[in-house]
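Subject: Structure handover

Hi,

Here is the structure I promised to pass on to you. Please open it alongside this email, and I will walk you through what turned up.

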Amino acid sequence: MTHRMGPGPTRRGVLTGAGAMGLSATAARAGYLPAPERTEAFDVVVVGAGMAGCAAALQAAEDGARVCVLEKAREARMGGNSALAGGGFAMPPGPGEGARAAFLEDFEKKAQGRGNSDLYEVMAAHAREDVAWLAEHGIDFTDEMRVDPYHVVMAVVAPGFYMGMPRALRHLRSRIEERGGSFRFETKAQHLVMNDAGSVEGVRVVGPGGVADLTAPAVVLAAGGYPANTRLLESYSDPNAGALMVRGVPWATGDGLEMARGVGAGWKGMGGVMALHVAAVDPVETAAGNPFSLLPHAISVNREGQRFIDETRGYVAHGKAVLEQPGQRAALVFDEKIAELPAAESTLGTFRRLGIDVKSAGSLADLARAIEVPPEALEDTVTRYNAAAKEGRADGLEPPKSDYAHVVEGPTYHALYPLAPGVTLTFGGLMIDTSARVLEADERVIPGLFAAGEGAGHAFFNDYVGGGALTNCLVMGRIAGRRAAGG
Ligand SMILES: Cc1cc2nc3c(=O)[nH]c(=O)nc-3n(C[C@H](O)[C@H](O)[C@H](O)COP(=O)(O)OP(=O)(O)OC[C@H]3O[C@@H](n4cnc5c(N)ncnc54)[C@H](O)[C@@H]3O)c2cc1C
């Protein structure tokens, strides 16, 4: 028997008569027969309860839509990779035109001019007001901070890096529910369903109660990126990319990309390791065990005891370089005086909090043994590096060090080891326009389908300005929610 569990006619009255009993015959065919027993109707269905999904759902609910958020994870694991994020949102350094231009300059430069400039414009225009919107909804932020060498500032979810996101997402959930929205956990969206007119009109899900169709005139895909999808990584990024550690949740498998492709959506920006954010991190604490602030001040050696990159090029360039090293392992070597620098202390404080061991020794030879590199090779590397380090630079070395070239001279030597490359986020994804509408490869709009967040918009290329990904989720998520609700 087919019966309807939904709430009666929706705000837009999309499901009436026979339609209210389920999807049309064509839709049911497109949505893979047999048609499910249960059908429910909403104004907006959002797939994914991370930052982009919560921003979309809250905005749509604020605009009066009856919203349902689907989340394939258990309730206790709500939030996807957003829950693991540092919690920094990149913003222009002020309200004016000059500040917006500075934001754009940072983003374009970091993406080597190959990111999605249209999205950067939208982010520059809305980031500050959208962070203020989160604050109005009760999310606390620390004071804005500058992040060298950028012009942009970061608003970090309180109480600080890697501490605030899970609570912030739970808080957004309660705001959505206060506005009549509902969450379905352990409920996986499997297919999008199109109606006779070629519009997306629902999602087929599998959840605790079995298979159901959730119908809505607008669906927002906010299901994240594909860092945990070996097939996509090996097909598009690098044949060996599937062997990389996954820094985030292991169920970030690009489901939104796959589902949207089923109704004709285009994908973009997925080729090569340029489409990946990679960092060399602690192999156990893969999320927060990232020594990014210490890196430029230390020297990084491979398992042969050799330097292999200018450490000041940043932690993503470093992560990708470690990929090319024997055994894909690296160690950051430094001494007591370097450990006392505020930037180093920030990393070391996090590592202490996480219980990650810092190797220490009274000689380079002993340190070398602790980090499993040949002692003579490490001594030779450090001796040559110290001889070249003058006025903060170490030129004439291969590779050189263009800043923060502190002599490494003991009396105590330290190392963070092992560090291994892991994928943080993926940059490619669904083609969308600046209204978050999903596009086919020839830029035809797919009616009824919106997308936002890591899996949409191919915002970044090779690297991103820290905090840029969460800003993308927030700004484009809000736009998707507003448009999906008919605004
Ligand atoms: C360790 C780490 C640190 C980071 N730090 C920062 C930072 O400080 N600043 C920054 O800007 N970025 C950071 N990032 C990147 C950023 O966190 C992500 O790009 C962003 O959170 C992605 O948000 P999202 O909403 O698009 O996806 P997610 O937060 O991953 O949410 C997607 C949700 O969709 C659900 N889902 C997927 N498929 C389905 C399906 N078929 N049905 C139902 N539900 C589904 C998932 O379970 C998940 O909950 C970090 C990433 C990691 C891994």
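Let me begin with R369, which is exposed in this predicted model, its relative accessible area being 52%. Its partner in a salt bridge is D366, with 2.9 Å from N to O. D366 is partly exposed, at a relative accessible area of 40%. You will find both residues in helix α12 (residues 364-370), where D366 and R369 sit three residues apart, about one turn of the helix. Elsewhere, E75, R173 and E177 are joined into one network by salt bridges that share partners.

A second pair to look at is E345 with R352, whose side chains form a salt bridge at 2.5 Å, N to O. Here R352 counts as exposed, with 53% relative accessibility, while E345 counts as partly exposed at 35%.

How many salt bridges does the structure hold? The count is 21. The one I would show you next is D130 with R478, where the closest N and O atoms are 2.6 Å apart. D130 belongs to helix α5 (residues 117-136) and R478 to helix α14 (residues 468-484), so this salt bridge ties together parts that lie 348 residues apart in sequence. Unlike the exposed R369, D130 and R478 are both buried.

That pair leads straight to the packing of the two helices. The axes of α5 and α14 are 8 Å apart, and the helices pack at an angle of about 85°. This makes α5 roughly perpendicular to α14. On the α5 side, the residues that meet α14 include L119, V122, M123, H126 and W133, as well as D130. On the α14 side, they include T471, L474, V475, M476 and I479, together with R478. Sorted by class, this contact has eleven nonpolar, four polar and three charged residues.

Both helices also lie across strands. What does α14 lie across? It lies across β3, β12 and β24 (445-451), and runs at about 135° to β24. α5, for its part, lies across β5 and β7, running at about 145° to β5.

Now to the sheets, taking the one under α14's strands to begin with. β3, β12 and β24 belong to an open sheet of six strands, with mixed pairing and the order β8-β4-β3-β12-β24-β23. Which strands stand at the edges? They are β8 (182-184) and β23 (437-439); each has a single partner strand, so one side of each is left without a neighbour in the sheet. From one strand to the next, the twist averages 35°.

Within this sheet, β3 (residues 44-47) pairs with β12 (residues 218-221) in the parallel sense, over four bridges. V47 has L221 in β12 as its bridge partner. Helix α3 (residues 51-62) lies across β3, β12 and β4 (67-70), and its direction is at about 170° to β4.

The strands that α5 lies across, β5 and β7, are part of an open sheet of three strands with antiparallel pairing, in the order β5-β7-β6. At its edges stand β5 (88-91) and β6 (145-146), each with a single partner strand, so one side of each has no neighbour in the sheet. β6 pairs with β7 (residues 153-156) in the antiparallel sense over two bridges, and R146 stands opposite V153 in β7.

There is also a hairpin worth opening up. β9 (residues 188-194) and β10 (residues 200-207) pair in the antiparallel sense over six bridges, with L192 opposite V203 in β10. Five residues lie between the strands of this hairpin, and G198 takes a positive phi near 85°.

One last spot for you is E178, found in helix α6 (residues 165-178). Is E178 buried or exposed? At 54% relative accessibility, E178 counts as exposed. The C-alpha atoms of E178 and A61 are separated by 9.2 Å, although these residues are 117 apart along the chain.

Happy to go through any of this with you.

Best wishes

Note on methods
Residues numbered from 1 in each chain as written. Predicted model: local features only at pLDDT ≥ 70, side-chain atom pairs only at ≥ 80, totals over all residues. Heavy atoms only, no water. Salt bridge = Lys/Arg side-chain N within 4 Å of Asp/Glu carboxyl O. Buried < 20%, exposed > 50% of the residue type's maximum accessible area, 1.4 Å probe, protein only. Pairing = 2+ DSSP bridges. Axes fitted to C-alpha atoms, helices over the stretch in contact; angles between N-to-C directions. Contact = heavy atoms within 4.5 Å. Parallel < 35°, antiparallel > 145°, perpendicular 65-115°, else oblique. Nonpolar A, V, L, I, M, F, W, Y, C, P; charged D, E, K, R; others polar.
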